[in-house]
Amino acid sequence: MKCKICDKGHLKHLDSAVKDYISSDEFELWRCDKCSSLQTVGDIQADYYGQAYYGSPDGKFSPLTEKVFRFFHSLKARKFYRKFQPESVLEVGCGRGYILAILSKLGCKVVGIESAGAADWILNNPDIKVHGVVDGELWPVEAQSVELVIIWHVFEHVTEPFEVLLEMKRILTADGAICMSIPNVESYQSRLSLPNWFHLDVPRHHFHFTQTGIEEILGRAGMKVVRQEAGDFTQNLYGWFQTLSNMMIPGENNLMYRFLQGGTPWKSVNQKSLIILNFILLPVIVPLGLLGFSLELITGKHGTVTYYIQSTE
Ligand SMILES: [Zn+2]
């Protein structure tokens, strides 16, 4: 199988199978012999999203965690505004549209792109225009009309990443930029235990990019990274806590995460009593996680990375 990312290498099957923490279905990971990126392989036709992943229309998390989650989203939206002061913004995979709603209040013209299969309450957002699209189709957005494209923890979810890049490039103005945040399969938290890595999230994550992989796919699309930095510190730090917890408590992956989500995600956990063990282990998990997080900060091998991308043509 040829690598869809670099289009140069071929994929080789990795030995260990990996499991979806929600459905318990197993998948394979294949690695490219040129760019070292990974691809999730298996029967991914079923809907692996749904309420056990998204939570309820009110939020992805229980009320208190949701407040923290939204607070960090508002910080991020303001950072985008300060950095780019864009007149127009498009977010690919905008979900509930928290970031776009804030940018809209700040005076930007905003539009969201979501999968046509997303829930009605995502597609019919009362505050912002959201287009539901099918993979591989052109988006109903004019060429060269958007100054800033945000794609935040979404690029790893798409089945045709190269086509999505071309589409983002088509709608960008000549000096426009893309802000892309993705998990980093070369991080230490990933290397510690790939099947237990919080940001692996198979089969929803189809691709697991290396730095070389990102540079290759961008190069093919006539684009390049102009700046890169650590992804959200919450994602990077939490990635450590949850990965360590997954390693120490086999059987129920992402237990703490689902506990924090509450609602349907927590209801779908079979062995709920294991959460007690998780709390007992926190005095071990937290210091180890902080240590790993610090190591990633020093070496730049962050759990998630943010790329600022522009066209080279
Ligand atoms: Zn490759």
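This is a short tutorial dialogue on reading the features of one predicted protein model.

Q: How far can I trust the model, and which elements have the lowest and highest mean pLDDT?

A: Since this is a predicted model, start with pLDDT, the predictor's confidence in each residue, from 0 to 100. The protein chain averages 92, and 98% of its residues score at least 70. Among the elements, helix H1 (residues 51-54) has the lowest mean, 68, while strand S10 (residues 207-208) has the highest, 98.

Q: How many helices and strands does the protein chain have?

A: There are eleven helices and twelve strands. For the overall dimensions, the C-alpha trace spans about 55 × 45 × 40 Å along its principal axes.

Q: What radius of gyration would a compact globule of 313 residues have, and what does the protein chain have?

A: The idea is to set the chain's value beside the one expected for a compact globule with as many residues. That expected radius is near 20 Å, and the protein chain has 19 Å, which agrees. Buried residues make up 41% of the 313. Take the contacts between residues at least 6 apart in sequence: 69% of them join residues at least 24 apart.

Q: Which residues touch the most other members of the largest nonpolar core?

A: That core has 69 residues, and the ones touching the most other members are Val89, Leu103, Val149, Ile150, Ile151 and Ile178. Leu103 makes a good example: beyond its neighbours within four places in sequence, Leu103 is in contact with Ala77, Phe80, Tyr81, Val89, Cys108 and Val110. There is also a second, separate core of five residues, including Phe61, Leu255, Met256 and Val269.

Q: How do I read a helix, and which residues of helix H7 are buried?

A: An α-helix has 3.6 residues a turn, so residues three or four places apart point the same way. In helix H7 (residues 211-220), the buried residues are Gly213, Ile214, Glu216, Ile217 and Leu218. Their cover includes helix H5 (161-171), strand S11 (223-230) and strand S12 (304-311). Just after H7 comes Gly222, with a positive phi of about 75°.

Q: Which residues other than glycine have a positive phi, and where do they lie?

A: Two to look at are Ser24, with phi of about 65°, and Gln144, with phi near 50°. Ser24 lies in the loop between strand S2 (18-19) and strand S3 (26-32). Gln144 lies in the loop between strand S7 (130-133) and strand S8 (146-152).

Q: Is Ser24 buried or exposed, and is Gln144 buried or exposed?

A: Count the other C-beta atoms within 10 Å: a residue with 12 or fewer is exposed. Ser24 has 10, so Ser24 is exposed. Gln144 has 12 such neighbours and therefore counts as exposed too.

Q: What is there to see in the loop between H6 and S10?

A: Both Trp197 and Pro203 are found there, in the loop that follows helix H6 (188-192). The peptide bond from Val202 to Pro203 is cis, with omega near 0°. As for Trp197, being in a loop says where a residue sits along the chain, and burial is a separate reading. Trp197 counts as buried because 25 C-beta neighbours lie inside 10 Å. Leaving aside neighbours within four places in sequence, its contacts are Gln189, Ser190 and Thr243. Trp197 and Gln242 are 45 residues apart in sequence, yet their C-alpha atoms are 7.7 Å apart in space.

Key: Residues are numbered from 1 along each chain as its sequence is written. This is a predicted model: local features need pLDDT of at least 70, side-chain atom pairs count only at pLDDT 80 or more; totals for chains, interfaces and linings use all residues. Helices (H or I, at least four residues) and strands (E, at least two) are DSSP runs, numbered from the N terminus. The radius of gyration is taken over C-alpha atoms; the globule rule is 2.2 Å times the number of residues to the power 0.38. A residue is buried if 20 or more other C-beta atoms lie within 10 Å of its own, exposed if 12 or fewer, and partly exposed in between; C-beta atoms are placed from the backbone. Two residues are in contact if their C-beta atoms, placed from the backbone, lie within 7 Å. A nonpolar core is a set of buried Ala, Val, Leu, Ile, Met, Phe, Trp, Tyr and Cys residues joined through C-beta atoms within 7 Å.
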